[in-house]
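Here is a walk through one protein model. Keep the structure in view as you read.

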Amino acid sequence: MAPLLSNVLLMSYRRLGKLVSVISRNHSSLTTELIENMDKKATWDRFYTENRGRTPNFKNFEWFFGFGTVQDFILPLLHSKPDSDTLFQVLDLGCGTSALGLDIYNNSFSAVEVTCADISPVAVRFMQEQIRTKAAEPGNPDSRLEFLELDCTELHQHYGSESLDLIIDKGTTDALLRSREGRGKADQVLKQSLRVLRSSGLYLQFSDEDPDARLLWLETVGQELGGVTADVCVQEVGDLRGICYFCYQIRPRHAA
């Protein structure tokens with residue numbers, strides 16, 4: 001491995017260590033499991049079960065940050081489609097118990113269909129119960145919100161080609177890339193995401209990984225797609241609690 005890439009990856013793991021150390025104060029038994037098995041359903045079922053059991057009232061768990069930090073990246077992208085019968089399709093990829101998808105639903109003045117998908121049925125059930133208990137108020141009366149159990153490496157089983165307008169990934173790819181057996185799954189998520197996005201669509205990855213490492217991975221996997229290429233750019237989200245976060249913006253280019 002090249003020295004530069006080795007140093008970048010080392011910094012990423014140190015940042016991950018900061019995040020896990022915060023979590024482990026309340027989830028000490030999960031520290032090693034989180035680091036090594038963040039690509040596994042059982043890890044997250046256990047995590048969300050334990051997290052829910054700590055307090056009598058439900059509380060959303062936000063990886064990295066909440067909607068308020070990145071709303072300026074997301075809300076301007078939400079617009080009405082030329083076909084008034086088709087809602088703007090948004091997928092929150094690996095939603096966990098984050099309020100991100102709900103906040104998009106609440107704050108978008110344009111009609112959107114927000115699907116919050118996660119591999120953990122425990123997380124999905126908690127969010128479905130929360131929505132039933134506390135009715136959400138959509139920013140547009142025609143908007144829709146759904147929480148769905150879905151393995152994000154198998155998007156093709158739920159979505160057709162070029163069917164989504166926006167995919168939001170807040171830490172899901174980071175979790176896969178840093179898992180012991182997750183690299184291949186991260187590759188698959190990227191490939192499938194680009195295939196199910198429309199040519200006008202966009203895939204946003206919010207991450208603490210440095211551009212030198214993430215852009216190299218995106219370019220490498222992008223060359224393996226066949227029939228789909230991608231344009232990639234990156235913007236800095238900002239520094240929160242001593243960690244710098246980035247927004248990787250990936251736009252597919254489907255072959256004619």
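The paragraphs below go from the sheet to the cores, then to a pocket and two loops.

This is a predicted model. Begin with the sheet. Seven strands build it, and it is open. Their order is S3-S2-S1-S4-S5-S7-S6, with mixed pairing. Strand S3 (144-149) lies at an edge, and so does strand S6 (228-240). Each of these two pairs on one side only. From one strand to the next, the twist averages 15°.

Now look at strand S5 (residues 197-207). On one side, S4 and S5 pair in the parallel sense, over six bridges. S5 also pairs with strand S7 (residues 243-254), here in the antiparallel sense and over five bridges. Single residues show how this works. Ile167 has Tyr203 in S5 as its bridge partner. Tyr203 in turn stands opposite Ile250 in S7. Phe206 has a partner in S7 as well: Cys247.

How enclosed is S5 by the rest of the structure? Eight of its 11 residues are buried, so S5 is largely enclosed. The cut-off behind that word is a relative accessible area under 20%. In a regular strand, side chains alternate between the two faces of the sheet.

Next come the nonpolar cores. In soluble globular proteins, nonpolar side chains tend to be buried together. The largest nonpolar core in this model holds 42 residues. Which of them touch the most other members? They are Ile74, Ile104, Leu166 and Phe206. Helix H6 (residues 121-133) gives the most to this core, with five residues. There is also a second, separate core of 27 residues. Its members include Tyr203, Trp217, Val221 and Ile250. Tyr203 and Ile250 are the pair that stand opposite each other across S5 and S7.

Ile104 deserves a closer look. Leaving aside residues up to four places away in sequence, Ile104 touches Phe67, Ile74, Leu78, Val90, Val114 and Ile168. Ile104 is one of the buried residues of helix H5 (residues 100-107). The others are Leu100, Gly101, Leu102 and Tyr105. What covers them? The cover includes two helices, helix H4 (67-74) and H6. Strands take part too, among them strand S1 (88-93), strand S2 (112-118), S3 and strand S4 (164-170).

Turn now to the second largest pocket. About 410 Å³ of space lies in it. Its lining has 25 residues. Met38, Trp44, Thr172, Ala175 and Leu176 lie nearest its centre. Which helix gives the most to this lining? Helix H7 does, with four residues. H7 spans 172-177. Helix H1 (3-24), helix H3 (41-53) and helix H8 (183-196) each supply at least two residues of the lining.

Finish with two loop residues. Glu162 sits in the loop between S3 and S4. Its phi is near 50°, a positive value in a residue other than glycine. Arg241 is in the loop between S6 and S7. Arg241 also has a positive phi, of about 50°, although it is not a glycine. Is each one exposed or only partly exposed? Glu162 has 37% relative accessibility, so it counts as partly exposed. Arg241 has a relative accessible area of 63%, so it is exposed. The cut-off for exposed is over 50%.

Definitions and conventions: Residues numbered from 1 in each chain as written. Predicted model: local features only at pLDDT ≥ 70, side-chain atom pairs only at ≥ 80, totals over all residues. Heavy atoms only, no water. Core = buried A, V, L, I, M, F, W, Y, C linked by side-chain atoms within 4.5 Å. Buried < 20%, exposed > 50% of the residue type's maximum accessible area, 1.4 Å probe, protein only. Contact = heavy atoms within 4.5 Å. Pairing = 2+ DSSP bridges. Axes fitted to C-alpha atoms, helices over the stretch in contact; angles between N-to-C directions. 1 Å grid on protein atoms, 1.4 Å probe; cavity = no way out; pocket = protein on both sides within 12 Å on 5 of 7 lines; lining within 4 Å. Points joined across faces, edges and corners; volume = space filled by probe spheres on them.
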